[in-house]
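Open the structure in your viewer and keep the selection panel handy. We will move from stop to stop, picking a few residues each time and looking at what surrounds them.

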Amino acid sequence: MNHNENTAIYRRSGPPPENETKEPRDDKLAGLVKYYESSTTALVVQKEEKWLYLNDAAVHLLGFEHFSELEGKSIWETVHPENREVVSKRIEASINGVNPGVLVQRWLKKDGSYIHVEVTGIPVENFLGQTTAIIKKVDYDRANVQNTLENYQLITENMNEIISLLDPKGNLLYVSPSYRAYAREGIEDEIGRSSIRYVHEEDKERVRKEFFKLVKYRQPLIIQYRMQRKDGIYRYIESQGTCISNENERSYVVVSRDVTERHEAEMLLHWNEKKHRMILEHSNDLICMMNNEGTSVYASPSYKEVLGYEQNEVVGKDILTFIHPEDFEKCQRAIQKLTETKQPITTIYRKLHASGHDIILEAKGMAVIDEEGNVNHFVFISRDITEKIQLQQYRENIEKLALIGDVAAGFAHEIRNPLTSIKGFVKLLARQEESDRTYHQIIEDELTNIEEVVNGFISLGKPEASEVAEVSLLKLIKNAITVLTPQASSKNIRINISSQLKSIVIRCQRNQMKQVFINILKNSVEAIEQDGQIDVILEENQNGVIIEIHDNGMGIDEERLERIGVPFYTNKEKGIGLGMTVSNKIITEHRGRLKIESKPGQGTKVLIQLPKE
C-alpha cells in the first residue's frame with residue numbers, strides 16, 4: 001500500500017478508479033490499515049458515519065465478497081438502529097483519543113440476518129474524523145454460559161438462604177456469604193471444615209446420619225435442626241440436600257434457610273390444636289361438625305358415652321341421623337335457619353340412644369366463616385339435659401302434688417268426722433228396723449264409698465308413713481301380685497315376673513311402694529276383660545332399677561293417656577280416679593319416674609325408674 005500524500009488510507013479489491021477522490025493522509029490510521037490488510041482480524045474504518053474501509057476479514061464476516069459492496073454506504077445499514085445512540089458516542093470518544101472500550105452490537109449481514117459482534121474501538125486522535133474498530137463474532141453459547149454463571153453467582157451472593165457445597169465427608173467446599181451470621185471467623189476460613197460444626201449437640205448425630213444417607217442413596221433430603229449463630233442464639237434451620245455428579249467426583253449442594261418463626265408458629269399451632277383436641281376428647285358435651293351438604297365430618301368421643309355410638313358410626317352420615325322422629329322437623333327447620341342466616345341458634349331436641357331410649361339434648365349451632373365471608377362448615381355443641389329436665393319435671397310434680405295434698409288433707413278433715421257420726425247412727429237405725437234393711441244398706445254402701453274417697457285423699461295428702469329400709473324389690477312385687485291373684489284368676493289372667501338378677505335391693509318406704517305396685521297391677525287386671533297376660537320385668541342399670549309392667553288389655557287412647565294422673569279422672573265404673581295420682585306422688589317422692597305408654601288394642605306399658613337409694 002502506498003503512503004504518498006495523494007494515496008488513500010484504504011484499499012479496494014482491484015485497481016483504484018482514475019477519477020477516485022483522494023483522502024487526506026493520516027499516518028497513524030494508514031499504519032493500522034496496512035497492518036490489518038491481510039490479517040484474519042476484522043478491521044473497519046468509518047468517517048462521517050460512512051464506511052471508509054473494511055479489510056477482507058470484516059467483509060467476509062458480514063457475508064460480502066468485496067469491499068466495494070459497502071464502500072461509501074451509511075454505517076447504519078450495517079449497525080442495528082437500537083445501538084445508534086451508544087455507537088455515536090463511542091465514535092465521538094475515539095475521534096477525541098478516548099478509549100471507548102468493548103461493546104457487543106447487532107450487525108446486519110448481506111443475507112439479511114443479524115449477528116452479534118464484539119466491537120473494540122481503537123482510539124486514534126485525528127483531525128480528519130476517521131475512527132477505526134476491530135470486530136469479532138461473539139460465541140453466544142459460551143457467552144450465555146458465562147452470563148448464567150455470573151447471574152447465579154450474583155444471586156447466590158445476595159440470597160438470605162445459605163448455599164453450601166459439600167464433599168462426601170460433609171466438609172465445606174463452598175459456602176455463601178449469608179453464612180457469616182454463623183461463622184466464628186471469616187467465610188474463607190470455613191472452607192474445608194465440617195458443615196455441622198455449629199449444629200446443636202442434640203441434633204448433630206441425626207443430621208450426620210441423614211447426610212450419609214444422601215451420600216449412599218443419592219436421594220434428595222430435607223431435614224430440620226437447630227444451629228447456633230455466633231451471637232450464641234440457636235435458630236431452627238431447614239436444609240435441602242441434593243447430590244450432583246460428574247465423571248470424576250461427586251459433591252452435594254445444600255440450601256439452608258432459617259425457619260425459626262415458622263417453627264415457632266407451627267409449635268404454637270400444634271399446641272393449640274392439641275389443647276383444643278384434649279378439650280374436645282374429654283368434654284361430656286357432644287361436638288359435631290357438619291359440612292355444607294349436611295353430612296357429619298367430625299364427632300367427639302363423647303358420642304360413645306352419651307349416646308352409645310362410636311365416632312365412625314356418626315361421621316359420614318346425615319346430621320339428622322338418630323334424631324327422635326317427633327323432633328325431626330323441628331331440627332330440620334333449625335338447621336335451615338342456621339344455613340340461611342349464619343346466626344347461632346339454640347334448640348332442645350331428643351336423640352335416640354343406641355339402646356333405644358331417648359336422650360334430651362340442648363344444642364347450640366354456629367357457622368364457621370372464613371376470611372372471605374364464606375361458610376366452611378357448621379359446628380353443633382349439644383349437652384345432655386335429661387336429668388335437668390327430669391329434675392324440673394320432678395319439682396313441678398312435687399309442687400302440684402303438694403298443692404293437691406294440702407287440698408286433700410283439708411277436705412278430708414272437714415268431712416271425715418261428720419261421716420263417722422252419720423255412719424254410726426245409720427247402723428243404730430238398722431238394728432231397730434231389722435225387717436227392712438234395703439235402704440239402710442244402700443246408704444251404708446254409699447257412705448263406704450265416700451269413706452274410700454276420703455281415705456284416698458288422706459293417702460294423697462299424707463301417705464301412710466313407714467321407715468325407709470332396704471327392701472327386696474322382687475319380694476315386694478310378689479307380695480303385690482299375691483294381693484291381686486284372686487281377682488286375676490277369676491278372669492283367667494296370668495301374671496308373669498322375670499328378673500335379670502335373683503336379688504335386687506332398693507331403699508324405700510315398703511308400704512308406700514307396695515301400694516304403687518298394687519294400684520298399677522290392679523289397673524292392668526281391670527283393663528283385661530278375659531284370658532289375658534301381665535308381664536312384670538325387672539332390670540338394673542347404672543342409674544338404678546327399671547320396672548316394666550306390660551298388659552295386653554284394651555289400651556288407652558292418646559286423649560285419655562294425657563289425663564292419667566289428674567285427680568278424679570277415671571274410666572272405671574266404680575273408680576274414684578286417685579290411684580295413679582297417689583302412685584305418681586309416691587314414685588316422685590322416692591326420686592323416681594313413672595311413665596305410661598299405650599295404644600288402643602295394643603295394651604299398656606307402665607315404666608317405673610327408681611334409684612337404688
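Start by selecting Lys342, which sits in the loop between H8 and S13. Helices (H or I, at least four residues) and strands (E, at least two) are DSSP runs, numbered from the N terminus. Although Lys342 is not a glycine, its phi is positive, about 65 degrees. Its relative accessible area is 31%, so Lys342 counts as partly exposed; buried means under 20%, exposed over 50%, and partly exposed lies in between (1.4 Å probe, protein chains only).

A word on what you are looking at: this is a predicted model, in which local features need pLDDT of at least 70 and side-chain atom pairs count only at pLDDT 80 or more, while totals for chains, interfaces and linings use all residues. Residues are numbered from 1 along each chain as its sequence is written, and side-chain values use heavy atoms, with hydrogens and water left out.

**The sheet beside Lys342**

Now show the strands S11 to S15 as a cartoon. They form an open sheet of 5 strands in the order S12-S11-S15-S14-S13, with antiparallel pairing; two strands pair if DSSP finds at least two bridges between them. At the edges you will find S12 (296-299) and S13 (345-352), each pairing on one side only. On average, neighbouring strands of this sheet are turned by 30 degrees against each other, direction ignored.

Add helix H8 (residues 328-341), which packs on this sheet and touches S11, S13, S14 (358-369) and S15. Contact here means heavy atoms within 4.5 Å. The direction of H8 makes about 145 degrees with that of S13; axes are lines fitted to C-alpha atoms, for helices over the stretch in contact, and angles run from 0 to 180 degrees between N-to-C directions.

Walk across the strands next. S13 and S14 run antiparallel and are joined by 8 bridges, with Lys351 opposite Ile359 in S14. In their hairpin, 5 residues lie between the strands, and Gly356 takes a positive phi near 115 degrees. Step on to S14 and S15, an antiparallel pair with 9 bridges, where Met366 has Val379 in S15 as its bridge partner. This hairpin also has 5 residues between its strands, and Gly373 in the turn shows a positive phi of about 85 degrees. Further along, S11 (residues 286-290) pairs with S15 (residues 375-384) in the antiparallel sense over 5 bridges.

**Two cysteines**

Stay on S15 and pick Phe380, the bridge partner of Cys288. Is Cys288 buried or exposed? Cys288 is buried, at 3% relative accessible area. Select Cys331 as well: with a relative accessible area of 6%, Cys331 is buried too. How many disulfides does a search of the whole structure find? The search finds 0, a disulfide being a pair of cysteine sulfur atoms within 2.5 Å.

**A sheet earlier in the chain**

Move to S1 through S5, an open sheet of 5 strands in the order S2-S1-S5-S4-S3, with antiparallel pairing. S2 (50-54) and S3 (102-108) are at its edges with a single partner strand each, so one side of each has no neighbour in the sheet. The twist from one strand to the next averages 40 degrees. Helix H3 (residues 84-95) packs on the sheet, in touch with S1 (42-47), S3, S4 and S5 (130-137), and its direction makes about 125 degrees with that of S3.

Zoom in on S3 and S4 (residues 114-122), which pair in the antiparallel sense over 7 bridges. Trp107 has Ile115 in S4 as its bridge partner, and Val104 stands opposite Glu118 in S4. The hairpin of S3 and S4 has 5 residues between the strands, with Gly112 at a positive phi near 95 degrees.

**A helix pair**

Select H11 (residues 473-490) and H12 (residues 510-527), whose axes are 9 Å apart and make an angle of about 40 degrees. The two helices are therefore oblique to each other; angles under 35 degrees count as roughly parallel, over 145 as roughly antiparallel, 65 to 115 as roughly perpendicular and the rest as oblique. To see the interface, show side chains including Leu476, Ile477 and Leu484 in H11, and Met513, Phe517 and Leu521 in H12.

**Last stop**

Finish at Arg591, in the loop between H14 (579-589) and S21 (593-598). Arg591 has a positive phi of about 60 degrees although it is not a glycine, and its relative accessibility of 59% makes Arg591 exposed.
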